[in-house]
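Biologist: I would like to learn how to read this structure, one feature at a time. Where do we start?

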Amino acid sequence: MIAEIGLFALILAFLLAIAQGTLPLIGAARGDVALMAVGRSAAYGQLVFLGIAYAMLTYAFVTDDFSIAYVANHSNSLLPLQYKISGVWGGHEGSLLLWILILGFWSAAVATFSRSLPREVLARVLGVMGLVAIGFIGFTLFTSSPFERLLPAALEGRDLNPMLQDPGLIFHPPMLYMGYVGFSVAFAFAIAALIGGRLDAAWARWSRPWTAVAWAFLTFGIGLGSWWAYYVLGWGGWWFWDPVENASFMPWLMGTALLHSLAVTEKRGGFKNWTVMLAILTFSLVLLAAFLVRSGVLTSVHAFAVDPDRGLYLLAFMAVVVASSLTLFAWRAGKVGLGGGFQLVSRESALLTNNVLLAVSAAAVLLGTLYPLFLDAFGLGKISVGPPYFEAVFLPLMLPLLLLLGFGPRLRWKQDSPTEQLWRLRWIFGVSLVFGMIWPFFVGNWSFLAGIGAFLGLWIIGSSLKDLVDRLRPRRESTQTLGTRMRRLGRSYAGMQFAHIGVGLAVIGITFVLGYDDERDVRMAVGETVEVGGYAFRLERLEEVQGPNFDADQATVVVYRDGQRITTLQPQMRYYFSQQQPMAHTSLHRGLVRDLYVNMGEELPGNAWVMRVYYKPYMNWVWAAVVLMTIGGLLAASDRRYRIRVRREDEVLEDDAKLAAADAVKPEGNAEPKPAG
Amino acid sequence: MKKRQKRLLLVAGGLTSVALVTGLVLNAFRDNLVFFYTPSDIVADIVPMERTFRIGGLVEDGSVYRGEDGITVHFRVTDTAVAVPVVYHGILPNLFREGQGVVAVGSLQDGGVFKASQVMARHDETYMPPEAAEAIKRAQREAARTVEQSGGY
């Protein structure tokens, strides 16, 4: 009964999506208010029914209903409750249900928070969201229903893949999907603007907070996935340039470019076409990611079971979306005016360079990810592109980007003096260069690359802080308190600072962990000691332990440094009852400047094991960076100016005219106060 | 006129940098392609020395043994026609088994031993690495063709 209710709710959601994807668009074209109003109620209704479908599947998991094929394949009566709940998204069908639930959530969020948008605009945005929902709910219903019955019912489930039985994985997919699907909102705004034929500063202001939120979630989701690979899979790495990782990284790069390009469109009315193009490309890359992961063209931890129908459906869906939106773009983009002009050295050109570099990076990742797949698909041989390619490409592309990051936020719009900016930052530049070059001495053997990395990280952090201090410095006639001045800078500015400082931390962390990590595969017998990265790892004992749904061999390793006991690590090799494969469970000790961790390999004769021992310097800086960037994105999205009443159209037009007039007359001050609205 | 020249210069500069970057990307791409060969290819001597590539096939039954140090592993990878000796230092993946599919990344050493820097097995119980499957398919196709030809004479 549960499965049938779920399926029925899913069908109703599909019908509502069809209503949402057609009626408001027709209404907007005809000026029919009643039809336009359908969008909002359809969005709410869709969310309700998707919620019911999702709740039914969760209920089936919790009550061990193995008469549903998906539950039987991904759960087990012995599975702890939290993994029964997260097991809902442990496979293709269920994770797709989560995906469309989140899509419904975003639709409803747009319907709720964009009440003040002009009626036509909201109708078009919701209409486009509805079209996207038709594609994905249809995909679920026609190729991947999680509610299919298994007859006769299984007595016991096959269990959730042990790799997925981890807290990191409980949150990784929902966060990632919030990001992926969130970009459909930016896409919907772009398409709605193209249909309406009006791309202006107001449009950018509406779509900017949505983009920032989606970007924040995607950042956090990717970070969680990386963290999971780092310590659950015990491969010792956290980024492998695996095609599936690349699939999530490409929309992130494009989305980052979009976020910056939107700033120009909102503030200066420039880059309009390019911004729309980026919104379309970002969402296309999201669809590509869905295709790569769900079609079975890739084989990796993420890839789901192979089913040609699914791949074909997604490929067709992607083709329709990309082709129709690009056609619309070609048809409408000509009508979009160019923004104000700008000089070679200006905030606009800095952001343009940022966009070009990010887009090229995304293209390079695309090439490295798709080329092997193409060759294989056409039977032209099997090749693979390894991390060296991506590293070789990324290094020279990121160097100028990171260097520029120190200047960008300080540059004036329209025109600025390069010598003046260089002069103002000379101390920051010099100090970060000197400290950056010295820092590697304290981590390990000095290398030029590590020095450059540390320099760039310090430079970004230093120049960001300098900018903050400059902006907080009171003007002569001002009597404002520090608190007031800080508030006046706004959350948008704070968000940018958080994210940029996060980038600085990431650069330092990545540089050091790539340059100085130490990894040793060793034979360890009880009582033996191994030195890795200046730490002594001593195997104290081996024993057998029991968990809720597994037995395990457990090693107790005590870590010393200079005779001081640092920590005790207890890695396990787990044998889950329902699986034939054993599964190593890593034990990790975190620290500010290094992680230590031990993984069990295989048993050797003589009371010994092959163990993998790691020393990972500055790893936590990378995680801290992810958190800062996420906070940054959310802060930027919550800026006051996005929440105030949206002005009527004529006011916006008037405003655009003022903007243009202002451009013609005066250059803006450097410490330009953020407009309060 | 001056503005126009400036713009022209800017466009030219932009195009040059795009060309540069494209060159850089393609160059890195060409240098870092990792090709795939089967054990038969290696025996047939068409594989370049000192270049990283991947091999795939089955771990030959009874071929796996650990060295004295407990870390070095020797095994043979077969595509059912011929087998190639492989040496690897470190922990093998959990699902590494004799008779099962495997893919290894590394390079060919003197004496025809493949020195693996990375060994990959299946991720779960229901899947064979596609490259291992490919190696076996090719070897069997080759075998079938040889039989046909010898039958024709």
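Modeller: Start with the contacts inside chain B. This is a predicted model. Take the contacts in chain B with a separation of 6 or more: residues 24 or more positions apart account for 56% of them.

Biologist: What share of the 153 residues in chain B is buried?

Modeller: Burial counts neighbours: 20 or more other C-beta atoms within 10 Å make a residue buried. By that cut-off, buried residues are 31% of chain B.

Biologist: How many helices and strands does chain B have?

Modeller: Chain B has three helices and seven strands. Along the sequence the pattern reads α-β-α-β-β-β-β-β-β-α.

Biologist: How do I read strand pairing there? Which strands does S6(B) pair with, and over how many bridges?

Modeller: Look at the bridges and the direction. S6(B), residues 101–108, is joined by six bridges to S2(B), residues 53–59, and the two run antiparallel. S6(B) is also joined by six bridges to S7(B), residues 114–120, again antiparallel.

Biologist: Give me a residue to follow. What stands opposite B:Gly106 in S7(B)?

Modeller: B:Ala116 does. Towards S2(B), B:Gly106 is the bridge partner of B:Phe53. Follow B:Phe53, B:Gly106 and B:Ala116 and you cross from S2(B) to S6(B) and on to S7(B).

Biologist: And the side chains along a strand?

Modeller: In a regular strand they alternate between the two faces of the sheet.

Biologist: Which residue takes a positive phi in the hairpin of S6(B) and S7(B)?

Modeller: B:Gly111, with phi near 85 degrees. The hairpin has five residues between its strands.

Biologist: Now the contact between the chains. How many residues does each chain give?

Modeller: Read an interface from both sides. Chain B gives 29 residues and chain A gives 32. On the side of chain B, the elements that give two or more residues are H1(B) (2–31), S1(B) (33–37) and H3(B) (130–152). H1(B) gives the most, with six residues.

Biologist: How does that side divide by residue class?

Modeller: The side of chain B that touches chain A has 17 nonpolar, six polar and six charged residues.

Biologist: Which strands pair across the two chains, and in what sense?

Modeller: S1(A), residues 383–385, and S1(B) do, antiparallel, over three bridges. One pair to find in the viewer is A:Val385 with B:Leu33.

Biologist: Turn to chain A. What domains does it have?

Modeller: Read the bounds with care, as a domain can be made of separate segments. The assignment gives domain 1 (1–165), domain 2 (171–424 + 647–677) and domain 3 (518–619).

Biologist: How far apart are the C-alpha centres of domain 1 and domain 3 of chain A?

Modeller: They lie 42 Å apart. Centres do not tell you about contact, so check that separately. Eight residues of domain 1 of chain A are in contact with eight of domain 3. The domain 1 side has five nonpolar, one polar and two charged residues.

Biologist: Last, a sheet in chain A. In what order do its four strands lie?

Modeller: The order is S2-S11-S10-S9 in chain A, an open sheet with antiparallel pairing. The edges are S2(A) (518–525) and S9(A) (587–589), each pairing on one side only. Neighbouring strands are turned by 20 degrees against each other on average, direction ignored.

Biologist: What holds the S9(A) edge in register?

Modeller: S9(A) pairs with S10(A), residues 594–604, over three antiparallel bridges. Among the residues there, A:His589 has A:Leu596 as its bridge partner in S10(A).

Notes
Residues are numbered from 1 along each chain as its sequence is written. Chains are lettered from A and ligands numbered from 1 in the order in which they are written. This is a predicted model: local features need pLDDT of at least 70, side-chain atom pairs count only at pLDDT 80 or more; totals for chains, interfaces and linings use all residues. Two residues are in contact if their C-beta atoms, placed from the backbone, lie within 7 Å. Ala, Val, Leu, Ile, Met, Phe, Trp, Tyr, Cys and Pro count as nonpolar, Asp, Glu, Lys and Arg as charged, and the others, Gly among them, as polar. Two strands pair if DSSP finds at least two bridges between them. A residue is buried if 20 or more other C-beta atoms lie within 10 Å of its own, exposed if 12 or fewer, and partly exposed in between; C-beta atoms are placed from the backbone. Domain bounds come from an automatic or database domain assignment. Axes are lines fitted to C-alpha atoms, for helices over the stretch in contact, and angles run from 0 to 180 degrees between N-to-C directions.
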